[in-house]
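Biologist: Shall we go through this one together? Please show me the sequence and the structure, and then I'll start asking.

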Amino acid sequence: MRRFASFIRQCQAVSLYNLQTVWRRRGLSAVAIFGVAGVVGVMVAVLSMAAGFRAVVTGQARDDVAVVLRGGATAESSSILSREEIAVLQEPPGVARGSAGLLVSPELFVIIDRPKIGVGTDANVPLRGVEAAAFEVRDGIELVEGRRFEPGRNEIIVGVAAAAAFEGLLVGETIDVGRASWEVVGHFTAGGGVAESEIWTDTRVLQQMYQRGNSYNSALVRLTDPAAFEEYERALENDPRLNVGVQTQRAYQAAQSAPMEVFISILGWIIVAMMSAGAVFAALNTMYAAVSARAREVATLRALGFARLPVVVSVMIESLAFGIVGAVLGGAASWALFDGFRASTINFASFSQVAFAFQVTPDLLTQGITLALVIGGIGGLFPAIGAARRSVVGALREP
Amino acid sequence: MSSLTLISAALRRKKARTFLTFSSVVFAFLMFGVLSMIRSAFSMGVDLAGEDRLVVRHRVSLFQLLPQSYEADMEELPGVVDAMHMTWFGGVYQDPQNFFMQSPVVPAEYLDMYPEIRLSEEARTRWIETRNGAVVGRATAERFGWEVGDRVPIQPTIWQQEGREDEAWEFELVGIYHSDVEGFDETQMLFRYDFFDETRSFGRGQVGWYAVRVNDPERAAEVAASIDRLFQNSAAETKSEPEGAFAAGFANQMGNIGLIVTSILGAVFFTILLVSGNTMAQSVRERVGEIGLLKAIGFTAARVQRLVLFESLTLVTSAGFFGLLLAAGLAAVVQPMFAAYMPGLFLQGRDIFIGLGLAVLTGLVVGFFPARRAMKLRTAFALRRL
């Protein structure tokens, strides 16, 4: 017990002494700190992109909303449903009732080109034909400017994210799609969900323009509660009049976002792995230099009766401290620069644009600090062992 | 004593430090190589685009169809050599995850339009003889283990067969193409348009987009404008642009990859300058006495400066070269692995040259301040430190 207490005291003494001399070695210390800060900053930035994308695509998805597509279709654009099929979707039990009847929202989904703000080249913007039910099936659709489109007229409302990402979508502006002109009459929010990247208009107008007759691409069905989903799914799949695939909105959206998210994460981690290796070498360099600069001091301590282990511990503590300071700096810089940074990318599943904001989450910062501790740990361990192993006499003799 | 001996002695003075600095610079340049590959993969073939080719699509979006009759109309225009159409098929082989592009084409026209493509005479003949014949790029054939003669079922997501809704289309593989152009897309599956048009259940006579060859690349923009004018006020207006501009626009849809790559490299190189600069500075600080001695025995200030600069160049630049070499080796391994997913993932010669230049520049910048310090050192003062 007494030996342990003495060990702790020795560790404290050596570590405190070390940390007091950091300022004298500020150039070298800065190298280790900035090395780690660079790695953590890049890691947090890249992964915050994936987090922001996921939040938009899956954030507002619900378990009590069913997405109905034609059997075999993996995305709205390759699905087709007739008016008759839509009518059948209302029959099974479990469909929730809204202000104007059952909450089944038949929808048309097409893509139009709009120039992306900042680059000026065309991007695939989703244009959705909806009926009144669409506003109730989803959560939190709110007009923040202007009004809703009037049925039968060439009017559109635009999600706030789309309005900020693509040209010509401010309230009052008109866009040309084919030979028709559409007036932007409102902007809406959708609780941060993917609908905010879309343009909405009246289904009938869109059907006419795209010569779709009375057909739709997909339907969203709001159920009374999540437990009703299984029964509803079975009812549709067993109905001989239908050939459809049914998923919960959550499952559908998760599948939509998965390819992009996996892609960003893999790429991000490859970059981070390489940067980390570089940073480990920088940290090793710093700590070897720190140890060799204090070889005599360490030897003096050893001569005074300090054990080897406290020397090891003190070097490790210093290296880990550099790691943490670096992680905090890198994480903070990334947060300041990128949190909320707006970007838009293509969703591979639907081939349409999704506008999103980078999200620096606490979880990412924790991952950053963990990574920094690993880098600091490896960077400190070998120099620490080296320092403890040096012969006292040899080190004392050095100039 | 030659300068080389002195530099080599200086680098061997603290072997661990030299090794660690060397290694961190190696990783920086390895990253440079890998990020350059990623940027090239995301540029969607901008660098490979044919200068004399235009892409003509529906003005509303790429996903809207155009009449097949446009082909003949465009070929009448002055400046147009040839027009050829493609259509997004969007079929699935076994699993929706197995993504690759398929398109119906008119074989002879397609092969004329893309001379980059290498396909054997035998395959060409069999393609003309086989109604449901298809050719596929080497990368996709290897990915699924397909061989010439195989029957390949492709499940439609858009194009159903007349009278056989929801049944898979069956294609007979008549050839496997490749390209000698590095980074060229070897993933596509191409089958005959006549078979496609007769078999599909809707949309007959409609195609996805056109590739148009012009006789003078200098006037490509002019021809593009005349094509768009030709179809103005028709039911399907067009948007025409050079292949490179089309590819760049498509790349922009992903996001500003160039900016992301440049920012990351900026962070990496800032750190590297800091790390190696500091190491060099420390090394010079430790050798103040020795440098004083060199000056005392007649080395000029300029020569001392050059020595330190060359030391830095030797260390940093050779590490940079080595990192680039590793990147090139990695590229050779990774490129065939990813050819079926990211055809453009390869290390471009241009990027290697930029990397080499960057390695020399980094070596000079890192050595600059320590070299100046060594030059300015007052001999008497330095000798006291011996």
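Biologist: Happy to see it! Is B:Asn233 buried or exposed?

Modeller: Keep in mind that this is a predicted model. B:Asn233 has 7 C-beta neighbours inside 10 Å, and a residue with 12 or fewer counts as exposed. Therefore B:Asn233 is exposed.

Biologist: And where in chain B is B:Asn233 found?

Modeller: B:Asn233 is not a glycine, yet it has a positive phi of about 65 degrees. Most residues other than glycine have a negative phi. As for its place, B:Asn233 is in the loop between helix 8 (220–230) and strand 12 (238–242) of chain B.

Biologist: What about B:Gln94, is it buried or exposed?

Modeller: B:Gln94 also has a positive phi, near 65 degrees, without being a glycine. It lies in the loop between strand 3 (80–86) and strand 4 (102–105) of chain B. Within 10 Å there are 11 other C-beta atoms, and the limit for this class is 12 or fewer, so B:Gln94 is exposed.

Biologist: What radius of gyration does chain B have?

Modeller: The C-alpha trace of chain B spans about 95 × 45 × 35 Å along its principal axes. A compact globule of 386 residues would come out near 21 Å. Chain B, in contrast, has 29 Å.

Biologist: Which helix of chain A gives the most residues to the largest nonpolar core?

Modeller: That core has 220 residues, and those with the most contacts inside it include A:Val36, A:Val39, A:Val42 and B:Ala134. Beyond its neighbours within four places in sequence, A:Val42 is in contact with residues of both chains, among them A:Ile271 and B:Ile264. With 21 residues, the top contributor from chain A is helix 2 (residues 26–59).

Biologist: Which element gives the largest share of the side of chain A that touches chain B?

Modeller: Between the chains, 39 residues of chain A are in contact with 36 residues of chain B. The elements giving two or more residues to that side of chain A include helix 2, strand 5 (104–115) and helix 8. The largest share, twelve residues, comes from helix 8 of chain A.

Biologist: At which residue does helix 8 of chain A bend by about 40 degrees?

Modeller: Helix 8 (residues 249–293) of chain A reaches 62 Å from its first C-alpha to its last, close to the 66 Å expected. A proline, A:Pro259, follows the bend within four residues. The bend itself is at A:Ala258.

Key
Residues are numbered from 1 along each chain as its sequence is written. Chains are lettered from A and ligands numbered from 1 in the order in which they are written. This is a predicted model: local features need pLDDT of at least 70, side-chain atom pairs count only at pLDDT 80 or more; totals for chains, interfaces and linings use all residues. A nonpolar core is a set of buried Ala, Val, Leu, Ile, Met, Phe, Trp, Tyr and Cys residues joined through C-beta atoms within 7 Å. A residue is buried if 20 or more other C-beta atoms lie within 10 Å of its own, exposed if 12 or fewer, and partly exposed in between; C-beta atoms are placed from the backbone. Two residues are in contact if their C-beta atoms, placed from the backbone, lie within 7 Å. The radius of gyration is taken over C-alpha atoms; the globule rule is 2.2 Å times the number of residues to the power 0.38. The expected span of a helix is 1.5 Å times one less than its number of residues. The bend at a residue is the angle between axes fitted to the seven residues ending there and the seven starting there.
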